[in-house]
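I opened this notebook to record what I looked up in one protein model. The entries follow the order in which I consulted the structure.

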Amino acid sequence: MRTFDHVSASQIESYLLCARKWYFKSILGLEDPAGPGAILGKQVHASIESYLNCEVPASKLHPLAYNVYRRGLLPEPEAQSPIRKSLRKFKGYLVEHEVEGFDIEGVPVKGFIDLLAFDGAAASPVITDWKTRGDPERYSKTPEQLTTDVQLAIYGRYVLGRPPDAPSVRVRH
């Protein structure tokens, strides 16, 4: 049995869908084998992360990641220095930014923001959560659904509580 020492957005979503499944996975440590969709998602995430960290050119992106690039949804890659890893950066982006120093009702929250972009001191930060779905037009969440998305709500609250002080945060996926 595991010690319950943190919570993540996926744990909350899992609990809301099925408390028993959450208990088996999060407390007893019984993992589900990764299905084809999860494996594909990890490949696409890794491809985008490698591109944004200047490790591969756009031409080497996974085909689904390349579609995101062609649609202009990826920023130009920039080298990630220790200074750029700080949320105090006013212009640029952070890749796979770890949520740390944040809690809900005293329980530490763990997670990673896929892409956190800053367009300047006056602009709201943009949180992007990469999703791999067969048909984005059919399966992507609507703007209304995004307002109740647990993961994006947690990440949005986390970003609003950190410098630079932004009046709002935008989310997309």
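**Entry 1: a residue in a loop.** I note at the outset that the model is predicted. I began with valine 109 and looked up its place, which is in the loop between strand S3 (107-108) and strand S4 (111-119).

I then asked whether valine 109 counts as buried or exposed. Its relative accessibility is 5%, and because buried means under 20%, valine 109 counts as buried.

Next I looked up which residues valine 109 is in contact with, leaving aside its neighbours within four places in sequence. I found Val7, Val99, Phe102, Asp103, Ile104 and Ile154. I also checked serine 8, which lies 101 residues from valine 109 along the chain. The C-alpha atoms of these two residues are separated by 5.5 Å.

**Entry 2: helix H7.** One of the contacts of valine 109, Ile154, led me to helix H7, which spans residues 150-160. I asked how many of the 11 residues of H7 are buried. The count is eight, and I therefore record the helix as mostly covered, given that buried means under 20% relative accessible area. The buried residues are Val150, Gln151, Leu152, Ile154, Tyr155, Gly156, Tyr158 and Val159; Ile154, the contact of valine 109, is thus listed among them.

I also examined the start of H7. There, a side-chain oxygen of aspartate 149 comes within 3.2 Å of the backbone nitrogen of glutamine 151.

**Entry 3: helices H3 and H4.** I turned to a pair of helices. Two packed helices are described by the angle between their axes and the distance between the axes. For H3 (residues 36-52) and H4 (residues 63-70), the axes come within 8 Å and cross at roughly 50°. That angle is why H3 is described as oblique to H4. The crossing in which H3 passes H4 is right-handed.

I listed the residues that meet. H3 contributes Leu40, Val44, Ser47, Ile48 and Tyr51, and H4 contributes Leu64, Ala65 and Tyr69. By class, this contact of H3 with H4 has seven nonpolar residues, one polar residue and no charged residues.

**Entry 4: the whole protein.** Last, I looked up the overall make-up. The protein has seven helices and six strands. From the N terminus on, its elements run α-α-α-α-β-β-β-β-β-α-α-α-β. Of its 173 residues, 35% count as buried. Among contacts with a separation of 6 or more, 53% are accounted for by residues 24 or more positions apart.

Notes:
Residues are numbered from 1 along each chain as its sequence is written. This is a predicted model: local features need pLDDT of at least 70, side-chain atom pairs count only at pLDDT 80 or more; totals for chains, interfaces and linings use all residues. Side-chain values use heavy atoms; hydrogens and water are left out. Buried means under 20% relative accessible area, exposed over 50%, partly exposed in between (1.4 Å probe, protein chains only). Helices (H or I, at least four residues) and strands (E, at least two) are DSSP runs, numbered from the N terminus. A polar contact is a pair of N or O atoms within 3.5 Å; within protein, one must be able to donate a hydrogen and the other to accept it, and residues adjacent in sequence count only if both atoms are side-chain atoms. Contact means heavy atoms within 4.5 Å. Axes are lines fitted to C-alpha atoms, for helices over the stretch in contact, and angles run from 0 to 180 degrees between N-to-C directions. Angles under 35 degrees count as roughly parallel, over 145 as roughly antiparallel, 65 to 115 as roughly perpendicular and the rest as oblique. A crossing is left-handed if the near helix is turned anticlockwise from the far one by less than a right angle, and right-handed if clockwise. Ala, Val, Leu, Ile, Met, Phe, Trp, Tyr, Cys and Pro count as nonpolar, Asp, Glu, Lys and Arg as charged, and the others, Gly among them, as polar.
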